[in-house]
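Please read the following report alongside the sequence and the coordinates. The headings take up the sheet, its central strand, the helices, the nonpolar cores and the cysteines in turn.

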Amino acid sequence: MLPSPPLSVARRAATAVASAAAHHLLPSVNSLILEPSVPSPASPRRRIRLMPLRERPPLAPLSPHGRSFAVVAGDGGVKAEVPALVVVSFYRFADFPDHADFRRPIKELCEELRVSGGIILAPEGINGSLCGIPEAVEKVLNFIQADDRLKGLRMIQSPVTPEDEAIHHGHTSHSPVGAGEDAPFRWDHVRVKLKKEIVSFGDPDVMPTKTVGKYIKPKDWNALISDPDTVVIDVRNMYEIRIGKFNRAVDPCTKSFREFPSWVDNQFQLAESDSPSSVNGDTVTEGPGKNLNSSEPKELPRVAMYCTGGIRCEKASSFLLSKGFKEVYHLEGGILKYLEEIPEAESLWEGECFVFDKRVSVEHGLAQGTHKLCYGCKQPISDEDMESPKWEYGVSCPYCFATKSEEEKERARARQRQFETWGVIGGPDKGRSPKRLESVYKVEENKQSPSSV
């Protein structure tokens with residue numbers, strides 16, 4: 001299989017059109033957010049099987065589809081109207097000790113409605129990103145928020161290009177019978193994972209449910225980060241920051257979010273040092289957020305932080321407050337909300353924003369970006385990167401070539417051959433089996449039911 005070609009101008013133009021149309025597909029995010037209520041003291045509820053949804057009025061009426069498009073399938077040229085898709089990312093911090101009981105019902109509902117994507121459930125809440133037709137996605141979001149603890153989801157809506165919709169629905173020459181590998185989400189697949197945290201930080205004392213920084217609307221963000229007395233911190237990882245960031249932002253040079261607490265301790269704590277600090281290779285000598293390691297007694301600066309959708313800033317701001325920072329602000333809705341609302345002519349954003357799905361990156365207006373993904377290291381790569389001799393589709397790129405042994409590269413080549421031959425890693429019998437899933441569920445139910453006497 002040859003590498004996917006660079007995105008065409010036509011595709012990127014189509015994405016911009018999709019962005020404008022997407023606002024008519026689902027109600028506004030705010031209209032879907034239920035006001036959070038006080039957690040109920042009732043004992044944890046266990047959910048074993050998916051029960052029919054209760055008859056309840058919709059949160060907001062859906063407007064007619066913004067668009068649909070004709071597709072041709074098979075030699076007979078059968079035409080069909082394919083509804084447009086929408087992507088919604090969401091999260092909610094909450095006291096959710098019985099999160100494991102929520103896994104099966106939400107997974108079954110997504111599969112029934114053919115909503116794809118990924119969801120993380122943890123004792124501290126829920127985090128996910130879903131793709132599907134607007135009515136189906138709305139039903140899933142309503143189901144989630146039917147639990148009082150999960151009301152008030154923070155959500156961001158993104159469009160999907162008509163081209164990707166065609167691939168997603170499985171009606172293009174690239175994918176005649178099902179969603180191809182280039183689809184932003186597979187229509188038949190949703191992952192629901194159980195984890196300790198909905199975003200890994202590694203400090204159990206950080207609790208965004210109790211205290212977080214001050215939210216700043218996208219329209220007020222430019223003024224805050226343009227103030228020279230404000231330290232602007234990008235909370236994301238190096239590979240994300242490499243393809244785009246805000247002007248004046250400090251790069252902590254972290255490989256994972258778990259490294260952020262150590263960076264804060266090293267960068268802001270009182271340390272004996274006569275040399276100016278160096279951030280991301282740039283030596284800085286003045287300003288409260290720059291000479292962070294001076295030997296003089298220092299007052300903790302005003303901090304403005306941002307991340308992709310806002311969830312990492314919830315924990316990062318809570319952590320900074322616990323360290324004694326007094327003024328901690330974070331961009332409400334993250335970079336995605338900023339790119340959606342702020343015109344490019346007024347924007348202080350530079351580059352593209354990495355996203356954790358097959359879109360890889362987005363630009364202003366949440367239009368599809370130009371970056372692809374290296375399946376060897378899961379880092380974003382540009383068209384220029386793919387010109388490098390270190391780039392091999394499904395194996396390596398300039399950012400991971402030197403870190404991989406020949407044995408690892410050969411395993412990656414074998415994996416790629418399996419995918420090209422069978423369409424799934426591991427061969428034709430590696431895919432999900434409905435009968436196997438049914439047997440697993442029966443075993444789980446037998447374990448939970450009382451034993452006979």
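What follows is a description of a predicted model.

## The five-stranded sheet

An open sheet is built from five strands in the order β6-β3-β5-β4-β7, and the pairing within the sheet is mixed. Its edges are formed by β6, covering residues 154–159, and β7, covering residues 190–194, each of which pairs on one side only. On average, and with direction ignored, neighbouring strands of this sheet are turned by 10° against each other.

As general background, strands of a sheet pair through backbone hydrogen bonds, either parallel or antiparallel. Strand β3 (residues 86–93) runs antiparallel to strand β5 (residues 125–132), and eight bridges join the two. Within this pairing, R92 has I126 of β5 as its bridge partner, while Y91 is matched with N127 of β5. The pairing of β4 with β5 is likewise antiparallel and extends over seven bridges, with G118 having S129 of β5 as its bridge partner. Two residues lie between β4 and β5 in the hairpin that these strands form.

## Strand β5 and its two sides

How many of the eight residues of β5 are buried? Eight of the eight are, so that the strand is mostly covered. In a regular strand the side chains alternate between the two faces of the sheet. In β5, G125, N127, S129 and C131 point one way, whereas I126, G128, L130 and G132 point the other way, and all of these residues are buried.

## Helices lying across the sheet

Helix α3, residues 103–113, lies across β4 (116–122), β5 and β7, and runs at about 170° to β7. Helix α9, residues 311–322, lies across β3, β5 and β6, and runs at about 25° to β3.

Is K107, a residue of helix α3, buried or exposed? Its relative accessible area is 8%, and K107 is therefore classed as buried, the cut-off being under 20%. The side chain of K107 reaches the backbone oxygen of V190 at 2.8 Å, and V190 falls within the 190–194 range of edge strand β7.

## Two nonpolar cores

In soluble globular proteins, nonpolar side chains tend to be buried together. The largest nonpolar core in this model has 27 residues, and those with the most contacts inside it are I233, F260, V264, M305 and L320. Two or more residues are given to this core by each of β3, β4, β9 (230–234), α8 (260–268), β13 (302–306) and α9. The largest share, five residues, comes from α9.

When residues up to four places away in sequence are not counted, F260 touches F201, I233, P252, T254, A316 and L320. Apart from this core lies another, of 25 residues, which includes F90, I119, L141 and L150.

## Cysteines and disulfides

A disulfide is a covalent bond between the sulfur atoms of two cysteines. How many disulfides does a search of the whole structure find? The search finds zero. As for the surroundings of individual cysteines, C131 has a relative accessible area of 0% and is buried, whereas C253, at 32% relative accessibility, counts as partly exposed because this value lies between the 20% and 50% cut-offs.

Methods
Residues numbered from 1 in each chain as written. Predicted model: local features only at pLDDT ≥ 70, side-chain atom pairs only at ≥ 80, totals over all residues. Heavy atoms only, no water. Disulfide = S-S within 2.5 Å. Buried < 20%, exposed > 50% of the residue type's maximum accessible area, 1.4 Å probe, protein only. Pairing = 2+ DSSP bridges. Helix = DSSP H or I, 4+ residues; strand = E, 2+ residues; numbered from the N terminus. Axes fitted to C-alpha atoms, helices over the stretch in contact; angles between N-to-C directions. Contact = heavy atoms within 4.5 Å. Polar contact = N/O pair within 3.5 Å; in protein donor to acceptor, adjacent residues only side chain to side chain. Core = buried A, V, L, I, M, F, W, Y, C linked by side-chain atoms within 4.5 Å.
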